[in-house]
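Biologist: I should like to learn how to read a model of this kind. Where should one begin?

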Amino acid sequence: MGFTKEQLLARLKELGIKFEQYDHPAVLTVEAQAKYVGDKGGGLSKNLFLKDKKSRFYIVSALADTKVDLKVLSQRLGLGKGGIRMAPEEALGQLLQVPLGCVTPFALINESARYVSLLLDKEFKTQPHCFFHPLSNETSISVQASDLDKFLKSIGREPSYVDLEANPPVGKDQPPDLAILVPSGTIDIPDAPENSTSSQAVSEKSIPVQKKCTPASVKSAKPSSADPNAKDKPNNAAPQPNAFVESRLFVDEILKKTTELLLSEISTLTEDVAKQEALAKSVRKHLAPDLQNLTVMFKNTAYTQGFYAGSNCQPKRL
Amino acid sequence: MEKGEDKHEEEQDQVVNPWEVTAKDGGKIDYDKLIDKFGCQRLEEPLVDRVQRLTGRPPHVFLRRGVFFAHRDFDEILNAYEKGKKFYLYTGRGPSSEALHLGHLVPFMFTKYLQDAFKVPLVIQLTDDEKCMWKNLSVEECQRLARENAKDIIACGFDITKTFIFSDFDYVGGSFYKNMVRIAKCVTYNKVVGIFGFSGEDHIGKVGFPPIQAAPSFPSSFPHLFSGKDDLRCLIPCAIDQDPYFRMTRDVAPRLGYHKPSLIESSFFPALQGETGKMSASDPNSAIYVTDSAKVIKNKINKYAFSGGQDSVEKHRELGANLEVDIPVKYLSFFLEDDAELEHIKTEYGAGRMLTGEVKKRLADVLTEVVDRHRAARAAVTEEMVDAFMAVRPLPNMFD
């Protein structure tokens with residue numbers, strides 16, 4: 001059950017977040033919204049709900065006059081040209097649990113939006129306050145950017161501010177600068193054609209491409225690699241602490257989760273336990289060497305970046 | 001051409017030293033004779049089992065198939081390890097060319113396994129100075145090649161938190177040089193001529209080089225890594241032609257109060273054209289290079305891999321293949337992980353039920369997988385990563 005406007009506003013009050021509330025007839029566009037709150041100062045926001053080819057979802061929240069070029073954004077995220085487009089309507093309802101025309105960063109309060117990545121326009125910070133829909137088209141609230149950050153942190157999100165109009169080159173020597181904002185878990189909407197298992201295996205492979213990922217994001221990637229839509233599975237034990245030190249254990253953890261998922265998926269196809277076991281074994285055997293290599297490379301890359309940062313570190317200014 | 005210790009024996013005997021490897025009368029290298037002559041020991045099955053027990057994982061393909069077949073004091077290393085005493089690994093490469101082939105990767109693949117299985121640190125020496133002295137290359141070119149080779153080495157999957165790569169031109173000096181001098185003082189000119197076969201015409205750079213390859217065997221050469229750990233043992237995985245260097249080192253070690261370094265030695269990786277052929281950088285068809293595409297690999301194997309199969313299908317079905325000289329089977333024994341599958345291929349092919357084409361196809365698949373994986377890893381190696389691997393830095397987690 002998605003949060004209601006009232007619940008959200010109550011939560012904001014609990015957090016001590018100041019906001020101005022304006023009720024108005026339902027609006028579906030920024031222009032329409034502007035008719036009611038356009039004269040109140042501050043910035044109106046336009047909010048895009050986007051999806052990439054691997055079923056990963058993004059909210060891009062920007063000032064109304066910021067130009068957002070989806071082609072550029074797609075490249076900066078490392079998705080190639082044209083890798084990102086507007087998400088289908090049903091995703092809006094299922095993931096964000098808001099009606100059409102109501103995309104808002106506040107939708108992330110919903111558990112269903114756990115894996116939706118949020119990109120915030122850095123221009124929000126230049127405004128005294130900005131307008132967003134509080135899960136309803138019939139209201140707009142104005143909050144300060146810092147208070148939006150407070151809200152996001154309270155739901156376990158790090159606010160990511162991006163220069164949305166920038167168009168940095170992306171190539172062999174210039175990795176996509178926003179790649180770090182690509183969610184690590186894919187989301188399986190029941191009527192989507194992709195098999196969640198294959199997209200999971202693919203999302204593991206995409207990790208080493210994002211050279212800017214730090215070990216911290218690896219840690220957060222691990223729990224989220226479990227499929228959110230998995231059928232009832234036994235509760236997985238937390239990965240052993242050494243899983244982040246030794247690549248073999250790390251790979252074992254990944255393969256364990258992958259094969260568990262695979263087994264739960266194919267148990268619907270074949271009752272034959274021996275066949276299931278054989279399949280799991282085969283997956284492990286074939287994936288292990290490749291994953292080992294990828295893991296070691298990932299670790300080496302992370303260390304290298306840390307080393308570079310450390311050796312170029314300026315002494316603390318007193 | 002330099003000759004080994006057998007200079008004084010029959011001229012047609014096989015020659016094995018760091019700069020030349022030739023079999024007797026154009027035949028195969030006699031490894032038993034080599035072990036005998038060098039005085040090292042065979043790596044027997046019980047030792048391989050012991051490795052499995054101590055490391056808790058199946059032994060590497062190269063151990064199972066006898067690729068690494070000889071050693072000096074490897075059992076000492078295992079004894080100490082059992083008692084909780086760790087060791088460090090030392091291996092190296094002479095960066096004489098940019099093109100690396102699969103044979104070059106063999107010692108590194110094995111060393112990576114040792115690093116993972118025993119959880120020990122590793123130092124890798126790039127002897128750019130040696131190549132500068134022996135091949136007619138400039139200092140700058142050798143340094144460049146060293147860095148390029150470092151990338152391929154890193155691509156083998158070494159853990160940066162446990163690995164220090166250094167080039168002689170960069171690192172020689174300080175404690176390392178002190179050990180070089182200590183070692184040099186213990187080896188007479190006559191001795192070094194006897195071991196390496198230098199002549200009056202050879203320049204003094206060559207004569208002075210052996211201590212450089214010996215020094216990394218002693219932990220005090222790396223104060224930033226092993227300070228205070230003078231008791232740490234060293235294990236050197238290498239091809240058996242490097243044995244002379246370390247015979248010399250082992251001789252010197254007790255006189256300097258250090259442990260003798262242990263060795264674990266491999267046989268030579270055969271050229272595509274057969275054991276008698278020489279793998280040479282000038283003949284690209286004598287080896288599979290890490291830059292070869294799937295198509296090139298398939299083509300090289302089909303055209304150049306020496307086959308032990310018979311001339312005609314009928315004859316083959318009757319007599320079976322000669323596994324002794326067959327290169328595809330030889331290569332598979334290096335790179336095909338699955339013991340059962342290899343056995344099956346050997347049985348069927350040896351009996352004539354499997355044809356050369358099938359074996360070659362399987363080999364092409366296996367090698368393509370190896371090469372592709374290497375290429376992908378190589379692409380991820382940046383200049384910064386090379387700098388980080390080669391930085392003189394402490395490795396606090398080297399035994400984790």
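Modeller: Begin with surface: accessible areas here come from the Shrake-Rupley method with a 1.4 Å probe. By that method, chain A exposes about 16500 Å², and carbon and sulfur atoms supply 55% of this area. Please keep in mind that the model is predicted.

Biologist: What share of the residues in chain A is buried?

Modeller: A residue counts as buried when its relative accessible area is under 20%. In chain A, which has 318 residues, 46% are buried. The secondary structure of this chain comprises nine helices and eight strands. Of its contacts between residues at least 6 apart in sequence, 69% join residues at least 24 apart.

Biologist: How many residues does each chain bring to the contact between chain A and chain B?

Modeller: Chain A contributes 17 residues and chain B contributes 25 residues. The area buried between the two chains is about 1700 Å², with 60% of it given by carbon and sulfur atoms. Five residue pairs are in polar contact across this interface, both residues being at pLDDT 80 or more. On the side of chain A that touches chain B, helix α9 (residues 273-311) gives the most, with 13 residues. The residues on that side divide into seven nonpolar, four polar and six charged.

Biologist: How should one read the charged pairs, and how many salt bridges join chain A and chain B?

Modeller: Side chains of opposite charge can pair when their charged atoms come close. Between chain A and chain B the count is three salt bridges, whereas the whole structure has 36 over all chains. One bridge between the chains pairs D290(A) with R373(B), with the closest N and O atoms 2.8 Å apart. Another salt bridge joins K299(A) and D159(B), at 2.9 Å from N to O. This pair runs from helix α9 of chain A to the loop between α7 (139-155) and β7 (163-167) of chain B.

Biologist: Is D159(B) buried or exposed?

Modeller: D159(B) counts as buried because its relative accessibility is 10%. K299(A), at 21%, counts as partly exposed.

Biologist: Which residue forms a salt bridge with D365(B)?

Modeller: The partner is K361(B), with the closest N and O atoms 3.0 Å apart. The two residues are four apart in helix α19 (residues 356-379) of chain B, so about one helical turn separates them. D365(B) is partly exposed at 36% relative accessibility, while K361(B) is exposed at 53%.

Biologist: Which residues are linked in a network of salt bridges?

Modeller: The network links R147(B), E148(B), K151(B), D152(B), R378(B), E383(B) and D387(B).

Definitions and conventions
Residues numbered from 1 in each chain as written. Chains lettered and ligands numbered in written order. Predicted model: local features only at pLDDT ≥ 70, side-chain atom pairs only at ≥ 80, totals over all residues. Heavy atoms only, no water. Contact = heavy atoms within 4.5 Å. Buried area = accessible area lost by both parts, 1.4 Å probe. Salt bridge = Lys/Arg side-chain N within 4 Å of Asp/Glu carboxyl O. Polar contact = N/O pair within 3.5 Å; in protein donor to acceptor, adjacent residues only side chain to side chain. Nonpolar A, V, L, I, M, F, W, Y, C, P; charged D, E, K, R; others polar. Buried < 20%, exposed > 50% of the residue type's maximum accessible area, 1.4 Å probe, protein only.
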